[in-house]
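Let's take a walk through this model together, one packing arrangement at a time. Have the structure open and follow along.

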Amino acid sequence: MRPFSMRDKLGYTLGDLGCCCTEQFRAMYLSVFYTLILQVNPFHIGILMLITKIWDAVNDPIIGAIVDSREATKGGKFIPWIRAFSFPMAVLCILGFVNVSNLAYGLRLAYMFVTYVLYEALYTCVNVPFGTLSSVMTDDVRHRTALSRYRSLGGTIFMTVIVMVGPLVLYVDNKPVAGRFLMLASVFALIGLLCLQITCVWCKERVAVPERPKGEKLNYLHVIKEIAKNKALLGVMFFSLVGMIGASVVNGLNTYLFKDYFGNVKIMAVSGGLSVLYSLITFAITQPLADKLGKKEWCCWGAGFAAAVFALLFFFPIHNPVLFIVINGVCYLGASGMQVLIWAMVNDSIDYHELQTGERNEGIVYSTYSFFRKLASAVSGSLSSFVLGFIGYNVAEGAMQTAEVSNAIWKSYTGIYVLGYGVAVAILFFVYPLTKAKTTEMLEQLKARRAEKASAVETDGEQCP
């Protein structure tokens, strides 16, 4: 097999881009579509998302355990899952944006529920194997950090495009157009499908995963008990849970902030243009900062800075959207560490699990982390809708919001940002044990242990008659 190369990095970048083309597009615009096009009560949307996302989160460890229990095929252990399930996932993404506003209210809710649940189940069958894939592509710590950086680049590319294109395409005269949501969903679903298929060709599984002896079944309960002792994974999970809730709720309110507080939704495209510059800076500085300071250390300093800035904005509102976009972009640079390095920290947690237990169990360990990400998505998706309902947002087509509602959107946006990032930093600082020095020590211990096992196997082989 060819050695790890730029082809693997680009393939992994495209894989994340493929996942984002459906998942992030839905995260940004599905609740907007439900609210403004289907005209569904935000409280009902919140309840729907909470129920379906909690079920989807429970699904993740189940899928991860199934993936772990399957033997690797000629195509690998994880790649065949991505190749097979990316097709129906793209179809369900498109179906989620069909305009059913002419149906009775109850039937609208039923259609939303069915398409939402089916899509999330198929997305899990793609995303859990994709996330686990990086742990078997290489066991080199610098390569893994590089994969984490390149993975974040895929999401950044998509967010740059959608933030620029979305407001320009989906709205006419500051009003949403139903058919354009379906059109854009179709375009991104097909692009995502193509990217994931390229990932299956360009990425290679190199780290050998020991097969279980025949007849020995994976003891799920035992693995879960071991995971509960993994402080590194617990730190990453709760850090990501709280940070994602804060970031996702803020993203969910983003359209309403520009549409109703600043009064011009299309100016969001300016944010998309500047995000290209911020993303390039982030991509350039993350690896050097992580190498010098450590992954944990950089995440704490950067996200802490962003939380402090938004604490000031909470008390001192600004009404110039361009100034806000610039400030928000600078804060993005600070918080980018937790977005970019999280996947490398998950891989470090898998190594920490192996050091503690002697077993890797990548699929179920990653899917347990994914469970918490989905739980965060469930809470945040519902919370955005609940916030809109609580402040009295008027969902009627073309409705103008009162000054009180507009100001409440600003307070909600900045306040949730501060709480989300601030609490996340505290969790990472006090719970996650892998500082730069301890990560290096852990990897050296694992390397020595693996060499010792390999030597023992060679000795046993020489003694066989």
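Start with helix 3 and helix 4, which are roughly antiparallel to each other (angles over 145 degrees get that label, those under 35 count as roughly parallel, 65 to 115 as roughly perpendicular and the rest as oblique). Helix 3 covers residues 79-95 and helix 4 residues 105-137, and the two pack at an angle of about 155 degrees with their axes 8 Å apart. An axis here is a line fitted to C-alpha atoms, for helices over the stretch in contact, and the angle runs from 0 to 180 degrees between N-to-C directions. The helices themselves are DSSP runs (H or I, at least four residues), numbered from the N terminus.

Before going further, a word on what you're looking at: this is a predicted model, in which local features need pLDDT of at least 70 and side-chain atom pairs count only at pLDDT 80 or more, while totals for chains, interfaces and linings use all residues. Residues are numbered from 1 along each chain as its sequence is written, and side-chain values use heavy atoms, with hydrogens and water left out.

Back to that pair. Helix 3 and helix 4 make a left-handed crossing, meaning that the near helix is turned anticlockwise from the far one by less than a right angle (clockwise would be right-handed). On the helix 3 side, the residues in contact include Trp81, Phe85, Met89 and Leu92, and they face a helix 4 set with Tyr111, Leu118, Tyr119, Leu122 and Phe130 among them. Contact means heavy atoms within 4.5 Å. By class, the residues where helix 3 meets helix 4 divide into 19 nonpolar, two polar and no charged. For that count, Ala, Val, Leu, Ile, Met, Phe, Trp, Tyr, Cys and Pro are nonpolar, Asp, Glu, Lys and Arg are charged, and the others, Gly among them, are polar.

While you're on helix 4, look for Thr132, which lies in this helix. Is Thr132 buried or exposed? Thr132 counts as buried because its relative accessibility is 1%; buried means under 20% relative accessible area, exposed over 50%, and partly exposed in between (1.4 Å probe, protein chains only). Thr132 and Lys204 are 72 residues apart in sequence and 12 Å apart in space, C-alpha to C-alpha.

Now follow the chain back to the loop between helix 2 and helix 3, where Arg70 is found. Arg70 is exposed, with a relative accessible area of 52%. Leaving aside neighbours within four places in sequence, Arg70 is in contact with Lys77 and Trp81.

Next stop, helix 1. This helix spans residues 6-37 and holds Thr35, which counts as buried because its relative accessibility is 2%. Not counting residues up to four places away in sequence, Thr35 touches Val40, Ile45, Tyr256 and Val395. With the same kind of neighbours set aside, Tyr34 is in contact with Gln39, Val40, Ile45, Leu48, Met49, Gly96, Met112 and Tyr116. Gln39 itself sits in the loop between helix 1 and helix 2 and is partly exposed, at 34% relative accessible area. Its backbone is worth a look: phi of Gln39 is near 55 degrees, a positive value in a residue other than glycine.

Tyr34 also brings us to the largest nonpolar core, which has 106 residues; Phe25, Tyr34, Phe324 and Tyr369 have the most contacts inside it. The largest share of this core, 16 residues, comes from helix 8 (residues 231-261). A second, separate core of 28 residues includes Tyr119, Ala189, Leu193 and Leu196. A nonpolar core is a set of buried Ala, Val, Leu, Ile, Met, Phe, Trp, Tyr and Cys residues joined through side-chain atoms within 4.5 Å.

Phe324 leads on to another helix pair. The axes of helix 11 (residues 321-340) and helix 14 (residues 403-431) come within 12 Å and cross at roughly 25 degrees, which means helix 11 is roughly parallel to helix 14. Helix 11 passes helix 14 in a left-handed crossing. Among the residues making the contact are Phe324, Asn328 and Met338 of helix 11, along with Trp410, Tyr417 and Tyr421 of helix 14. That contact has nine nonpolar, two polar and no charged residues.

Finish at helix 10 (residues 295-315), where you'll find Phe315. Phe315 is exposed, with a relative accessible area of 61%, and its C-alpha lies 9.1 Å from that of Thr414, 99 residues away in sequence.
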